[in-house]
Amino acid sequence: MNIGSEIVLPEAYEIHGIISEFDVEIELNPPLEDCQDQFTTANYRFDNGRFLFHVPETAFYSITSGAHITVTPYPGADEAKIRLFLLGTCMGVLLMQRGILPLHGSAVVIDGKVYAIVGESGAGKSTLAAAFVRSGYPLMTDDVIAVSLSNDSAAATVYPSYPQQKLWEESIEQLGMLSHNYSSIYQRVNKYAVPIRSQFCREPLPLAGVVELIKASESEPEPEPSLKAYNRLEGLHVLNVHTYRSSLLHLLNLQQWQFQSISRLASGLPVYQLRRPADGFSAFGLVDQIVSLTNKREVVIS
């Protein structure tokens with residue numbers, strides 16, 4: 001999407017030249033002291049076609065028709081924190097409004113096809129994606145995976161987001177990088193924003209598979225990573241659990257749309273479980289597991 005924004009977005013690519021029409025417009029309102037008065041008991045609300053989102057002491061967001069976001073910040077609010085929610089929750093809601101399914105995870109490109117890596121918080125999704133990048137595979141997106149389904153089939157396309165990852169300091173060091181080269185994310189002293197410019201894919205590509213990354217229990221450590229295919233019902237469950245901000249679907253009245261979307265995906269898309277050891281750094285070994293899997297699939301398809 002071409003986005004016209006009154007808020008500077010250093011995470012994104014800047015388009016030079018004249019753009020006659022934008023897909024999405026981001027408007028910045030003057031700061032208001034009483035943003036919180038817009039809400040009573042919750043930080044989310046749907047009102048007259050607008051999705052309203054409130055982050056205390058940061059900003060009040062309004063997302064409308066998948067095409068317009070209004071940001072009203074608190075006086076003195078940190079700009080990095082405003083952008084954090086703008087590029088996260090707000091974009092997730094906007095994608096839903098546009099009929100594009102957002103999955104929560106990272107996506108990498110292997111031989112011209114996209115593989116989505118989903119999982120619970122702390123599973124190691126971003127670290128695994130970073131290991132793919134270090135191994136020469138392009139990154140498509142980190143955090144929010146935008147999946148568009150074909151109107152007449154189960155085929156799906158993934159659209160790129162912006163060329164940046166969020167990595168913990170420990171992961172950066174284990175990947176052979178230096179944390180002092182990067183800026184920390186707001187209020188996350190040991191988590192950093194890592195630009196990915198040279199190894200970023202800017203073109204939409206077909207989604208070829210979804211891998212759910214699971215961290216093994218410390219009480220039952222596994223000596224080696226294990227990979228298995230889910231059946232269709234299990235795959236449907238994985239896609240449902242890892243839909244980005246799924247708790248907001250009822251406010252948007254999009255539960256039926258989301259279920260139909262993930263059902264279509266599960267009917268024709270392979271979904272796998274990749275279980276990693278609880279201890280030690282195994283990211284590059286996991287890369288080899290997934291690449292080996294894709295090579296086997298190519299042999300079967302051919």
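Student: Is Phe-200 buried or exposed?

Tutor: Buried means under 20% relative accessible area, exposed over 50%, and partly exposed in between (1.4 Å probe, protein chains only). Phe-200 has a relative accessible area of 9%, so Phe-200 is buried. A word on the source: this is a predicted model, where local features need pLDDT of at least 70, side-chain atom pairs count only at pLDDT 80 or more, and totals for chains, interfaces and linings use all residues. Residues are numbered from 1 along each chain as its sequence is written, and side-chain values use heavy atoms, with hydrogens and water left out.

Student: How many aromatic pairs are there?

Tutor: Rings of Phe, Tyr and Trp (its six-membered ring) pair if their centres lie within 6.5 Å; planes under 30 degrees apart count as stacked, over 60 as edge-to-face and the rest as tilted. The count here is six. One of them joins Tyr-13 to Phe-200: 6.1 Å centre to centre, 40° between the planes, tilted.

Student: Which rings make a stacked pair?

Tutor: Tyr-44 and Phe-53 do, because their centres are 5.1 Å apart and their planes at 5°. Tyr-44 is partly exposed at 31% relative accessible area, while Phe-53 is buried at 3%. Both belong to one aromatic cluster with Phe-51, Tyr-61 and Phe-85.

Student: Which charged ends sit over the ring of Tyr-13?

Tutor: A charge sits over a ring if NZ of Lys or CZ of Arg is within 6 Å of the ring centre and within 35 degrees of the ring normal. Arg-197 does so at 4.6 Å from the centre. Arg-202 does so at 3.8 Å. Tyr-13 itself is partly exposed, at 26% relative accessible area.
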